[in-house]
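I opened the notebook to record what I looked up in this model, entry by entry. The terms are explained where they come up.

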Amino acid sequence: MDVRFISDDGVRSCAATELTELLDRPDGLVWVDIPTWDDQAHETLTTVFGFHPLAVGDSMNRNQVPKVHRYVDHFFVVLHAPQSGAHGHVHYVELDQFIGARYLVTVHGPVNPAIDPSTAMVEVKVVLGRLESGKLRPGTAFELSFALLAALTARMRAYTAELTKDVWKLEQQVTGGHLGDPETFLDEMFRVRHGLLTVGTMAALSGEVYGRMVTIEAFGTGKGRDLLLDAVDQFQHLTVMARGQKDYLQGTIEFYQARTNTKMTVAAERLAVIAAVTLPITALSSIIGMNVIVNERTQWLSVAVIVLVMLAMSGALLVWAKRKGWF
């Protein structure tokens, strides 16, 4: 657990034993960051801060969707960021926040063992860098929380941009006449579409969370409301970006599938013509072949007549198929 005190003099790290004293001060902001859950984290949230047991339980466990809960003196917010995994899977990296008047508590995880734990600390590192450089000087805990949110949306935009590069590459391959393995190629396109669908869903649900905070005027009608509206706008922008690219990719997939299906249909029609042309010949030869050729001696005249009949039948069928436009 990392405890930091933010004042006009900058940001400094503090010991966990100083937390009660820091919270009693009338100045500055207290930021408690919990990278991984442990007994100390549970004790701090329940005893020092006195958070609701349900909120503590939510911060300890994984939450499937973003959420916001309003309490008497603070808000509990759950957000997610995307992280690429194996075989096209998208991991939900969770960031929980307890936002009070003069304090912010951030809780990370649980993190899937398949990904690097440091992926959960991306937003914290960005905001710490801004605090230490003096570029960020939050006056309230929500301003500090909004800085984390801005870093999270930047991460979502970067993830969407990477997927967009894949969309462009796939579209160029399709329009360029890609004739590779359809199953492998479609699998790649569907994985990219899944990533766009995931980040779009994350943004849409998060936007609804902050939209509700605007409705209930969670942080007043001044700067707090403006920041909330900015957050809603950012999430709506991300939703439109992700859905637009997903729809574009879906059009590419449909174009590829239509072209592949057309090729298969043409091939099937040609095979059907071949079968139709050879079927009468096969039937005729099976009926009279043994009576003409397999005998004490071959009846060459009969053989010649039968071959001519076969050729005539095949030619007639080819002409008929041509007139029908089958090939």
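**Serine 59 and helix α3.** I looked up serine 59 and found a relative accessibility of 1%, so serine 59 counts as buried, where buried means under 20% relative accessible area, exposed over 50% and partly exposed in between, with a 1.4 Å probe and protein chains only. The model is a predicted one, in which local features need pLDDT of at least 70 and side-chain atom pairs count only at pLDDT 80 or more, while totals for chains, interfaces and linings use all residues. Residues are numbered from 1 along each chain as its sequence is written, and side-chain values use heavy atoms, with hydrogens and water left out.

Serine 59 has its place in helix α3; helices (H or I, at least four residues) and strands (E, at least two) are DSSP runs numbered from the N terminus. I noted that the side chain of serine 59 reaches the backbone oxygen of valine 56 at 2.7 Å, a polar contact being a pair of N or O atoms within 3.5 Å, of which, within protein, one must be able to donate a hydrogen and the other to accept it, and for which residues adjacent in sequence count only if both atoms are side-chain atoms. Leaving aside neighbours within four places in sequence, serine 59 is in contact with Trp37, Leu45, Phe76, Asp96, Phe98 and Val107, contact meaning heavy atoms within 4.5 Å.

I then took helix α3 (residues 53–60) as a whole and found Ala55, Val56, Gly57, Asp58 and Ser59 buried. The cover over the buried residues of α3 includes α2 (39–48), β4 (67–70), β5 (75–84), β6 (90–99) and β7 (103–108). From this helix, the side chain of aspartate 58 meets that of lysine 67 in a salt bridge at 3.5 Å, N to O, where a salt bridge is a side-chain nitrogen of Lys or Arg within 4 Å of a carboxyl oxygen of Asp or Glu.

**Strand β7.** Next I checked the strand that also helps to cover α3, and found that six of the six residues of β7 are buried. Tyr103, Val105 and Val107 point one way from β7, whereas Leu104, Thr106 and His108 point the other way, and all are buried. Which strands pair with β7? Strand β3 (residues 29–34) runs parallel to β7 and is joined to it by five bridges, and β6 pairs with β7 in the antiparallel sense, also over five bridges; two strands pair if DSSP finds at least two bridges between them. I recorded one partner on each side: valine 30 is bridged to tyrosine 103, and phenylalanine 98 to valine 105. A hairpin of three residues joins β6 to β7.

**Helix α5.** Serine 145 lies in helix α5 (residues 141–175), and I found serine 145 buried because its relative accessible area is 0%. Beyond neighbours within four places in sequence, serine 145 is in contact with Gln97, Ile99 and Leu104, and its C-alpha atom is 8.9 Å from that of threonine 106, 39 residues apart along the chain.

My search of the whole structure for salt bridges gave nine. One of them joins the side chains of arginine 155 and glutamate 123 at 3.1 Å, N to O; this pair links distant parts of the chain, with arginine 155 in helix α5 and glutamate 123 in helix α4 (residues 122–133), 32 residues apart. Are these two charged partners buried or exposed? Arginine 155 is buried, with a relative accessible area of 11%, and glutamate 123 counts as buried at 3%.

Another salt bridge joins lysine 165 and glutamate 162 at 3.4 Å, N to O, and both residues lie in helix α5, three residues apart, about one turn of the helix. An α-helix has 3.6 residues a turn, so residues three or four places apart point the same way. Glutamate 162 is partly exposed, with a relative accessible area of 47%.

**Whole chain.** I closed with the totals: the protein chain has eight helices and seven strands, and 39% of its 327 residues count as buried. Among contacts between residues at least 6 apart in sequence, 64% join residues at least 24 apart.
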